[in-house]
Each structure stands twice: as structure tokens, then as C-alpha cells.
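Welcome! Here is a short set of exercises for getting to know a structure, each with a worked solution to follow at your own pace.

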Amino acid sequence: MKVLIVGSGGREHTLAWKLRQSPLVSELFIAPGNGGTATEGTNVPISDSDVHGLVAFATDNGINLVVAGPEAPLVAGLTDAMDAAGVPCFGPDAFAANLEGSKSFAKTVMRDAGVPTAAFEVFTDFAAAKAHVESRPLPMVLKADGLAAGKGVVVAKTRQEARDALDEMMKQRVFGAAGDKVVVEDALVGEEASFLAFCDGSTAVCMPSSQDHKPIGEGDTGPNTGGMGAYSPAPVLPAADLEKTADLCIRPILRRMAELGHPFKGVLYAGLMYTASGPMVLEYNVRFGDPECQPLLSRLDSDLAAIMLACIKGELPAADVRWSTDTAICVVMAAAGYPKSYPKGMAISGIPAAEALGRVKVFHAGTKASENGAVTSGGRVLGVTALGPDLKSAQALAYRAVDLVQFDNSYVRRDIGNKGIGR
Ligand SMILES: Nc1ncnc2c1ncn2[C@@H]1O[C@H](COP(=O)(O)OP(=O)(O)O)[C@@H](O)[C@H]1O
Ligand SMILES: [Mg+2]
């Protein structure tokens, strides 16, 4: 089977690494890929947003399975376009991808499906939104409706922060059309966890829990990033609670999407907040998280290609989905300055030494291949991923590995996993 992975981050290197282990996969292409994916398969210079180019490549090259890494191509209709061309594509159609592509759509589906989530209202009119923001208790949360690369949510602690956020979204249009509609919701308090499931339209198979670390600084301080590290399982959501959590926040969504005529196929990711009254859904994503993908797939003992085909065919109940009982942790090595401006083009060394520790895999994110090996090309550069019998030993191994990898001006958070150890 020939497989085309779409995307260029740490998640896509992880997908390539895992899919290459499948006996079903004979050839692997990654569009556009990075310095790490180039060692797992063949990088193809097509942007992940170029749906027409991707379809042309898939049909010209007899691709048997397309795997979408990021959300944008799914929201733009990659699966629909591949379907029309007769190429199986892992990931929801554009309508179902709106669970991530439109916050108001997701909230409405949650409400209709009876999924616990913060109380909310949706606005397209600035004056009405302004009046609402003036009257609501603080803190309150404002969300630009459309895709905003993880920057479209503001948890406002003061009235002025809420006013400013609304102004930026609806008046200054800093997120473009994504902010023409705004969701205003109640703030929830608690610990966050990521809960992902493979879905085939009607059946959901749980993945183990995981936890991301969004802020740049230790102790969850400073501006949000794409994610500075993740580990799995997250003790806040133990294995014994996975099925009931799927009954609460995944299976009702599958039933509702089927009723709406767009059964959800692919990975459904619920961003949960563990509040005093139990877990509530903050948002859905329609693909693997990056970096949650790195620890999750490091723990998958089964054939990912077979699972993905089963999702597409509606045959998930017959699929073999087994997970290792180990803990996995991914520590992101970033370029200093990220998430603002940062240097690029630094040479990377020490990856073989890190992997020689055993039970360590260094996934590439913002790297590109050069004549002298991989060099940095992005803010999040590498995801150093380690396995261990428990979180403490996995964490210790991951940081030993991190200390063997070098590039100029590297930055890591030293507290990835501490929340889980604290429990
Ligand atoms: N209702 C809420 N109450 C408290 N914090 C929230 C709420 N909604 C979102 N957040 C915080 O904002 C972050 C981003 O919101 P999310 O809905 O996940 O959007 P996105 O990932 O698309 O930016 C969450 O991870 C959480 O920390
Ligand atoms: Mg989120």
C-alpha cells in the first residue's frame, strides 16, 4: 500500500515513523514533510493547504491511503476531494471537521448531543456581543469562531481584557473571517486533559489519556505555544475511566454527526477540563494533537495503517488496537524566542547519542534536511520522546536524552510531566 501523509510537524514525523512499521505499507510520501520525515519516506514539495495538488499527486501516484495530520486541510475539504477521486483518506469530511473549524458549530452539536460544556452564547453582531460582555460575570472566555492556529481564545479576567479581545476579534479582525462570529462562554476551573478516540462513523475506540503543556514557561506561565510537551497516560484520566468518558463526550457526538448525515471518521479529540462537577468539554479537535501524538503512538502496539483503514471502512469493531502499559513523554526542544520571533538554520547534533540510550525516539518538527544533516527551520524543533514503566522514569530518561541533543539557542521546559507526578 502507498501512503501519503499530509503535514510537516512533529505529529507528521510520528505518523510516518509509526506507519512505516506497518507490513501493509510499501511506500510512504509526506507532503511537505520535514527533516525527520525525509528519513522515513519521501518528502513531496506540496503544501498541506494545496488540496488540488494533493489530489493530483495521490491519483498520479496510485496512493492507497491519505492521512491528514493537521486540521486545516480537513476543514478545507481534503477528505471530500480525495473521496471524489476514489482515494481513501483518514479524517472527517469538511462538514464533520467543523467540530474543530467552527467553535459555534461544536458548541451547538455538544448542546444537542447532551455533552457537558460551559454555558455559551454566539454573536455575529458587535453591539450585541459588546452588551453581553459588559453584563457577564468574570472571568469569561471569548473564542473566535473559526480556525486561529491556537490563538483565537482569550480567558478574560477583567472587563477591559474582555472588551479588548472582542474588539480585536470583531472590529480589528486580527483573525480575519474567523472572528466575524464569536462564542462567549463561562470560564471553567480545573486540570485539563486530552482524550482521543479512533472513530469509524459509529464506533469509537478509546486511546489512553494524555496531557499537553501549552504555555511557554515552566509552571504554565507566559504566552501559549503549539505545545511544549505531553505525556500519556495522564493520571487525571485513568484507564479505568476511559470508556465512561467516551460515553460522556465521544459517542454522543458520533450519534449526532450520523443524524446530521456526516458520520465522523478519523480521530476525535476532546479537550477536557476536570471541574469540581466532573469533566467538561472545552473543545474538539478532529485529528491527533501535536505533541500528544508522539507519546500516544509511542504506546500503540498495533498496526496504525490497519486501524486507519478500519476507520475509513466502518470496520473498527474488528480492528486490533492494543496499547503498552508504559508511560511515554515527549519534551519539545524549541528555538529560544518562540512563540515570538526566533532564529533558524541552526545545525542539530546529538540525536544518535540520545536514541542510543534506548527507549528514546527524537521526532523532528521544525527541521529541514541540509547537506550537513538536519538544521532548524521552525519554532518547535524536536520532540524528544521516551518510554518508561512509570512517569517518573520516563521523564528522567527524556531529560537525559534532551541533554545529549544540541543546537544553538535551544529552549526546553524542564517541568513536563510534573503535574502527573504530583498526583
Ligand atoms: N470555558 C473555558 N474555561 C476556562 N478555560 C478555557 C475555556 N475554554 C478554553 N479555555 C482555555 O483556553 C485554551 C484554548 O481553548 P480551546 O477551546 O482549546 O481553543 P484552541 O485550542 O482552539 O485555541 C484551553 O486549553 C483552556 O486552557
Ligand atoms: Mg485547545
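The exercises below go from the domains to the sheets, the helices and finally the ligand, and the model they deal with is a predicted one.

**Exercise 1. Lay out the domains**

Find which domains the assignment gives for the protein chain.

*Solution.* Start at the beginning of the chain: the assignment places domain 1 at 2-90 and domain 2 at 119-186. Moving on, domain 3 covers 191-318 and domain 4 covers 327-422. Now take domain 2 and domain 3 together: their centres, taken over C-alpha atoms, are 26 Å apart. Keep this pair in mind for the last exercise.

**Exercise 2. Order a parallel sheet**

Work out in what order the strands of the five-stranded open sheet lie, and which of them stand at its edges.

*Solution.* First, read across the sheet: the order is β3-β2-β1-β4-β5, with parallel pairing. Next, look at the ends of that order. β3 (42-43) and β5 (89-90) each have a single partner strand, so each has one side without a neighbour in the sheet.

Then check one of the pairings. Strand β4, residues 65-68, is joined to β5 by two bridges, and the two run parallel. One place to look is V66, whose bridge partner in β5 is C89.

Last, add the helices. Helix α1 (residues 10-20) packs on this sheet and touches β1 (2-7), β2 (27-32) and β4. Its direction makes about 165 degrees with that of β1. Helix α2 (residues 51-60) also packs on the sheet, touching β1, β2 and β4, and the angle between its direction and that of β1 is about 170 degrees.

**Exercise 3. Build an antiparallel sheet**

Describe the four-stranded open sheet: what is the order of its strands, and which are the edge strands?

*Solution.* Begin with the order, which is β6-β9-β7-β8 with antiparallel pairing. The edge strands, β6 and β8, pair on one side only. On average, and ignoring direction, neighbouring strands here are turned by 20 degrees against each other.

Now go through the pairings one by one:

- β6 (residues 120-123) and β9 are joined by four bridges and run antiparallel; E121 has V184 of β9 as its bridge partner.
- β9 (residues 182-186) and β7 are joined by five bridges, again antiparallel; L142 has V184 in β9 as its bridge partner.
- β7 and β8 are joined by four bridges and run antiparallel; in β8, M140 is partnered by A156 and V141 by V155.

Finally, place the helices. α6 lies across β6, β7 and β9, at about 50 degrees to β9. Helix α8 (residues 159-171) lies across β7, β8 and β9, running at about 10 degrees to β7.

**Exercise 4. Judge what is buried**

Decide how many residues are buried in β7, β9 and α5.

*Solution.* Take β7 (residues 140-144) to begin with: five of its five residues are buried. In a regular strand, side chains alternate between the two faces of the sheet. For β7, M140, L142 and A144 are on one side, V141 and K143 are on the other, and both faces are covered.

Turn to β9 next. Four of its five residues are buried, so β9 is largely enclosed by the rest of the structure.

Then consider helix α5 (residues 94-101). Six of its eight residues are buried, so this helix too is largely enclosed by the rest of the structure. The buried ones are A96, A97, N98, L99, E100 and G101. Their cover includes α3 (71-75), α6 (103-113), α10 (251-259) and β17.

**Exercise 5. Explore the ligand's surroundings**

Establish how many residues surround ligand 1, and where they come from.

*Solution.* Count the shell first: 13 residues surround ligand 1, the closest being A118, V153, A187, L188 and E283. Sort them by class, and you get seven nonpolar, three polar and three charged residues.

Now trace their origin. Domain 2 and domain 3 each contribute at least three residues to the shell. Among the strands, β8 (153-156) and β17 (278-285) each supply at least two. β8 is already familiar as an edge strand of the antiparallel sheet, and β17 as part of the cover over α5.

Key: Residues numbered from 1 in each chain as written. Chains lettered and ligands numbered in written order. Predicted model: local features only at pLDDT ≥ 70, side-chain atom pairs only at ≥ 80, totals over all residues. Near = placed C-beta within 6 Å. Nonpolar A, V, L, I, M, F, W, Y, C, P; charged D, E, K, R; others polar. Domains from an automatic or database assignment. Pairing = 2+ DSSP bridges. Contact = placed C-beta atoms within 7 Å. Axes fitted to C-alpha atoms, helices over the stretch in contact; angles between N-to-C directions. Buried ≥ 20, exposed ≤ 12 C-beta atoms within 10 Å, placed from the backbone.
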